[in-house]
Amino acid sequence: MAPRQPTKSGKDKYTIILPTYNERKNLPIITWLLEKTFTEHKLDWELIIVDDASPDGTQEVAKQLITLYGANRIVLKPRAGKLGLGTAYVHGLQFATGNFVIIMDADFSHHPKFIADFIALQKTKDYDIVTGTRYAGNGGVYGWDFKRKLVSRGANLLASVVLRPNVSDLTGSFRLYKRKVLETVISQTESKGYTFQMEMMVRARGLGYSVAEVPISFVDRIYGDSKLGGDEIVEYAKGVFNLWLKV
């Protein structure tokens with residue numbers, strides 16, 4: 001099959017890259033919310049689902065959504081197994097036709113209603129990146145216990161002190177990028193796990209890209225299990241200091 005071609009019209013188009021693993025229950029609702037958001041604001045969009053061989057039937061649900069919304073809106077690009085978040089975005093980018101790319105989670109921790117705020121803010125000063133923040137303005141975290149909140153706050157504080165990127169939420173994964181900016185930053189990013197989002201932002205700052213933040217309400221996943229464990233925390237700390245040496 002020939003690769004999908006980027007849009008050449010003068011109108012902005014927004015590609016959402018959605019990595020999934022065992023998101024059969026969440027995928028129909030998040031897709032409906034995305035369609036609702038973009039339709040209400042009269043914006044052109046597409047959703048690229050990058051599924052890592054989910055055993056729960058996520059891909060079958062995605063195929064039903066393609067039938068429902070159309071192949072011009074929903075695109076399924078599966079992979080053979082769990083290969084990491086960073087490579088999921090690289091994979092999805094190959095098939096993106098929008099001039100802007102939105103990355104987010106499929107588990108409702110990132111509500112599509114904030115996308116309109118991202119887009120509106122981006123247009124005010126032609127920002128290269130707009131990122132959601134849980135730790136500025138009226139942003140917040142809901143559904144986490146004290147330990148999880150402490151780990152997240154600590155991770156952001158560590159990176160902020162060591163790397164000074166002037167971004168309040170480095171570990172968040174709800175962001176709007178100019179497509180060309182994302183392609184450049186991701187090509188230089190080495191991390192694949194929990195450190196990935198932090199390194200992406202630090203690399204972007206190092207390259208001189210402009211970044212704006214939108215306060216968001218982050219809600220812990222409704223279905224399924226959190227993917228953060230002790231190994232990811234250790235990896236993150238190592239990643240911060242490796243970046244301090246490199247960037």
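Of the 247 residues that make up the chain, 51% count as buried, and the model that shows this is a predicted one. The chain holds 8 helices and 9 strands. Among the contacts between residues with a separation of 6 or more, 81% join residues that stand 24 or more positions apart in the chain. Towards the outside, the chain exposes about 11600 Å², and carbon and sulfur atoms supply 56% of that area.

A good place to begin a walk through the structure is a pair of helices. Two packed helices are described by the angle between their axes and by the distance between those axes. Helix α1, which covers residues 27–40, packs with helix α2, residues 58–69, at an angle of about 30 degrees, and their axes are 10 Å apart. Angles under 35 degrees count as roughly parallel, and α1 and α2 are therefore roughly parallel to each other. The crossing in which α1 passes α2 is right-handed.

The residues that form this contact can be named on either side. From α1 come L27, P28, T31, W32 and E35, and these meet T58, V61, A62, L65 and Y69 of α2. Sorted by character, the residues of the contact between α1 and α2 comprise 7 nonpolar, 2 polar and 1 charged. As a general point, an α-helix has 3.6 residues a turn, so residues three or four places apart point the same way.

Helix α3, residues 85–93, offers a view of the buried part of the chain, for its buried residues are G86, A88, Y89, H91, G92 and L93. These buried residues of α3 pack against two further helices, α6 (179–188) and α7 (196–206), and against the strands β1 (13–20), β2 (44–51) and β4 (100–103).

Two loop residues deserve a closer look for their backbone angles. Most residues other than glycine have a negative phi. N22, which lies in the loop between β1 and α1, has a phi near 55 degrees, a positive value in a residue other than glycine. With a relative accessible area of 31%, N22 is partly exposed. D126 is found in another loop, the one between α4 (115–125) and β5 (129–133), and although D126 is not a glycine, its phi is positive, at about 55 degrees. D126 is likewise partly exposed, with a relative accessible area of 46%.

Definitions and conventions:
Residues numbered from 1 in each chain as written. Predicted model: local features only at pLDDT ≥ 70, side-chain atom pairs only at ≥ 80, totals over all residues. Heavy atoms only, no water. Axes fitted to C-alpha atoms, helices over the stretch in contact; angles between N-to-C directions. Helix = DSSP H or I, 4+ residues; strand = E, 2+ residues; numbered from the N terminus. Parallel < 35°, antiparallel > 145°, perpendicular 65-115°, else oblique. Left-handed = near helix turned anticlockwise from the far one by under 90°. Contact = heavy atoms within 4.5 Å. Nonpolar A, V, L, I, M, F, W, Y, C, P; charged D, E, K, R; others polar. Buried < 20%, exposed > 50% of the residue type's maximum accessible area, 1.4 Å probe, protein only. Areas by Shrake-Rupley, 256 points an atom, 1.4 Å probe, with all protein chains shown as cover.
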